[in-house]
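Subject: Structure for you to look at

Hello,

The structure we spoke about is below. Please go through my notes with the model open.

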Amino acid sequence: PACSVPIVQYRTYPPHSKLGIVHQDGFYSPGIQDYRPVWVSLTPCTRDMGGLALAVGQNKRGYFHNVGKPNPFPIPRDAIPAESWATTDYMPGD
């Protein structure tokens, strides 16, 4: 069943910003069981702007973050196969 986590974060990044890095939310939320974040587009967001993209099926492979590097512990470029990425154009409320 759904539950709430008593924190709220609002983040916005300009298109192609280095702040919107490839990451795994669960890596940054240790101890939260069955973590399911919610992502909602507040404005139209096309693929070329860099909206949400998911690496389909890669959640079954564990964490990819390189803890040997400084925070934010980047994911190596070759860790996720290019063909696994899925995205779309988003409209407000998607």
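Strands here are DSSP runs of E with at least two residues, numbered from the N terminus. On that numbering, T12 falls in the segment before β1. Note that the model is a predicted one.

T12 is exposed, as its relative accessible area is 71%. Its C-alpha atom is 9.8 Å from that of L42, a residue 30 positions away along the chain.

Salt bridges come next. Searching the whole structure turns up 1 salt bridge. The partners are D89 and R47, whose closest N and O atoms are 3.6 Å apart. D89 sits in the segment after β2 (85–86) and R47 in the segment before β1 (54–55), so the pair ties together parts that are 42 residues apart in sequence. In general, side chains of opposite charge can pair when their charged atoms come close. Both ends of the bridge have some solvent access: D89 is partly exposed at a relative accessible area of 40%, and R47 is partly exposed at 49%.

The other item is a pocket. The second largest pocket holds about 280 Å³ of space. Its lining consists of I21, V22, P72, P74, I75, P76, R77, I80 and W85. What is the make-up of that lining in nonpolar, polar and charged residues? The count is 8 nonpolar, no polar and 1 charged. The charged residue is R77, because Arg counts as charged.

Regards

How values were computed: Residues are numbered from 1 along each chain as its sequence is written. This is a predicted model: local features need pLDDT of at least 70, side-chain atom pairs count only at pLDDT 80 or more; totals for chains, interfaces and linings use all residues. Side-chain values use heavy atoms; hydrogens and water are left out. On a 1 Å grid over the protein atoms alone, a cavity is a set of points where a 1.4 Å probe fits but cannot get out, and a pocket is an open set with protein on both sides within 12 Å along at least five of seven lines; lining residues have an atom within 4 Å of a point. Grid points are joined across faces, edges and corners, and a volume is the space filled by probe spheres set on the points. A salt bridge is a side-chain nitrogen of Lys or Arg within 4 Å of a carboxyl oxygen of Asp or Glu. Helices (H or I, at least four residues) and strands (E, at least two) are DSSP runs, numbered from the N terminus. Buried means under 20% relative accessible area, exposed over 50%, partly exposed in between (1.4 Å probe, protein chains only).
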